[in-house]
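Please look over the structure shown here, which is a predicted model. Where do its helices meet, and which of its residues have unusual backbone angles?

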Amino acid sequence: MSDSKMLHGLEVAKHASRNSCWVIVNGRVYDVTDYLDKHPGGSQILLQYGGKDATSIYEPNHPRGTIEKGLPQSKHLGPVDPATIATIKKPQVTRDLDKTARIPLTHCVNLDDIERAAERIIPHAAWVYFHSAADDLRSLANNKDDWKKITLRPRIMRNVRRVNMQRTMLGQKSRLPFFIAPAARAKLVHDDGELCLARGAARAGIPYCPSTHSTVPHDEIAKVFNATTTSTDSGSNECGGVLWFQLYVAHEKSRTLELIKIARDNGYKALVITVDSPVVGKREEDERYRAELATASGDDTVLTEWYRPQTSDDGPPLRGHHSSTLNWDDLPWIREAWGKDTGPIVLKGIQCAEDAALAFEHGVEGIYLSNHGGRQVDDAPSGIRTLLEIRRFYPHLIGKMEIFLDGWVRRGTDIIKALCLGATGVSLGRPFMYSVAYGDEGVMKVIQLLSEEIETSMRNMGVNSLDQLNPSYVNSKILEMELPDHLRFGAQWPELKPKL
């Protein structure tokens with residue numbers, strides 16, 4: 001359609017159904033009908049804005065140029081006459097929370113304080129997205145509770161005047177033994193979005209792993225990260241931080257190859273493949289809020305789209321926003337596209353010892369133990385529990401491959417416990433997303449609090465270097481529960497023999 005002819009708003013408004021869905025973004029009209037089932041956020045939100053101006057919901061959730069690049073030119077329908085577009089009042093859902101007093105960062109002395117402070121200033125829609133977890137929240141509870149089941153065994157009478165908190169992760173030196181986990185939609189809480197995280201990681205000299213669904217383009221993240229690293233005095237330890245790329249394997253192989261090329265072209269040093277999301281978990285806090293919004297907007301019909309089952313053998317399954325066919329046989333072509341000299345490959349979302357062993361047999365350089373922040377399947381094990389399972393049944397893996405984990409890491413002592421048990425490093429997601437509400441200052445506050453706690457804990461544990469930490473510094477009660485029969489009795493497992 002020629003740009004010389006403007007579309008009338010009334011014409012656009014006619015296209016608000018699954019059969020024909022148009023949206024307006026920044027004064028231009030796009031036909032997203034064929035994209036409904038491919039949208040990572042589900043078709044429901046597109047249909048909710050069908051025939052309307054979606055700019056206000058689009059911009060905080062997508063990198064610039066996403067819709068222009070994601071849709072073929074034939075779906076770019078041209079400009080719309082702004083005088084013919086009705087102003088849309090965004091539906092609101094109120095909540096009872098005293099937000100009159102913004103909590104200063106100086107009043108935050110731990111990461112729980114950061115969360116409470118952020119809740120007062122983060123828009124409710126963003127809060128629900130970050131805060132939600134699967135079903136009855138038992139996976140989330142496992143993440144919280146399992147740290148308490150590991151106790152420390154400090155040593156005394158040691159010279160701890162100086163301590164070294166450096167850690168080498170995936171071949172790169174880091175000033176601290178933790179990194180910023182992949183999490184999306186940071187622009188929901190700050191205009192700079194993921195750039196706040198990139199600058200913070202660069203200044204602190206730690207890794208940052210942006211999500212596939214970053215709301216800032218990955219090339220822009222790399223540019224800002226590198227510029228900040230260059231301008232920051234990294235000192236004699238040569239720890240300038242590093243970028244890793246989190247990959248959601250897409251339905252289409254061509255899209256996955258495109259994402260890998262973006263990571264390679266922009267100098268990302270590791271490929272972190274998320275393997276625990278064949279479908280998106282049932283996050284009821286998020287879904288309840290969607291329902292409340294739909295009711296507030298007066299259109300409950302779009303809710304059925306979120307629960308729409310698979311309609312054909314070739315179509316995506318229920319909640320299937322990423323590849324649901326990803327399997328071990330896909331690793332060779334992914335590795336070939338990434339390149340053997342580009343950097344290591346890590347599998348994120350390992351939740352049992354057998355899969356850790358399979359990852360080792362398939363030659364991946366690292367595994368990332370995670371239940372996706374409790375957001376995928378309920379009653380899943382915490383990352384620290386899976387690490388202990390590996391230690392018990394496949395101890396030969398410790399030291400043979402790098403092991404990372406996440407899951408409600410909130411204290412420096414949590415990080416110490418993980419390192420004692422064989423983790424290479426740990427990551428944090430939600431605390432950093434909450435901190436973005438305070439911009440660069442918030443991100444640096446989280447890093448500062450954790451750094452201080454690790455340093456203090458190391459001295460009180462009687463160690464000068466993180467490399468001195470080992471299992472003798474901890475007691476664990478996690479594995480006293482009944483274990484899977486094939487592990488508990490040493491039975492043969494179809495693909496692997498447990499190393500008892």
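The questions below take up a helix pair, some backbone angles and one residue with its contacts.

Q: Is helix 8 parallel, perpendicular or oblique to helix 18?
A: Two packed helices are described by the angle between their axes and the distance between the axes. In this predicted model, the axes of helix 8 (residues 194–204) and helix 18 (residues 439–461) come within 9 Å and cross at roughly 45°. Since angles under 35 degrees count as roughly parallel and those of 65 to 115 as roughly perpendicular, the relation of helix 8 to helix 18 is oblique.

Q: How many residues in the contact of helix 8 with helix 18 are nonpolar?
A: Helix 8 contributes Cys-196, Leu-197, Arg-199, Gly-200, Arg-203 and Ala-204, while helix 18 contributes Gly-439, Asp-440, Val-443, Met-444 and Ile-447. Sorted by character, this contact of helix 8 with helix 18 holds 2 polar and 3 charged residues, and the number of nonpolar ones is 6.

Q: How far apart are the end C-alpha atoms of helix 18, and what span should its 23 residues have?
A: With a rise of 1.5 Å a residue, and with the expected span taken over one less than the number of residues, the 23 residues of helix 18 should span 33 Å. The model agrees with this expectation, because the end C-alpha atoms of helix 18 are 34 Å apart.

Q: Which residue just after helix 18 takes a positive phi?
A: The residue in question has a phi of about 85° and follows directly on helix 18. This residue is Gly-462.

Q: Is Met-157 buried or exposed?
A: Most residues other than glycine have a negative phi. Met-157, although not a glycine, has a positive phi of about 55°, and it is found in the loop between strand 4 (150–152) and strand 5 (167–169). Its relative accessible area is 81%, and because a value over 50% counts as exposed, Met-157 is exposed.

Q: What is the relative accessible area of Arg-185?
A: Arg-185 is found in the loop between strand 7 (178–180) and helix 8, and its phi, near 70°, is a positive value in a residue other than glycine. Arg-185 is partly exposed, with a relative accessible area of 24%.

Q: Which residues does Leu-257 touch, not counting residues up to four places away in sequence?
A: Leu-257 lies in helix 10 (residues 253–265) and is partly exposed, with a relative accessible area of 34%. Leu-257 and Trp-333 are 76 residues apart in sequence, yet their C-alpha atoms are 9.3 Å apart in space. Not counting residues up to four places away in sequence, Leu-257 touches Trp-333 and Ala-337.

Notes
Residues numbered from 1 in each chain as written. Predicted model: local features only at pLDDT ≥ 70, side-chain atom pairs only at ≥ 80, totals over all residues. Heavy atoms only, no water. Axes fitted to C-alpha atoms, helices over the stretch in contact; angles between N-to-C directions. Helix = DSSP H or I, 4+ residues; strand = E, 2+ residues; numbered from the N terminus. Parallel < 35°, antiparallel > 145°, perpendicular 65-115°, else oblique. Contact = heavy atoms within 4.5 Å. Nonpolar A, V, L, I, M, F, W, Y, C, P; charged D, E, K, R; others polar. Buried < 20%, exposed > 50% of the residue type's maximum accessible area, 1.4 Å probe, protein only.
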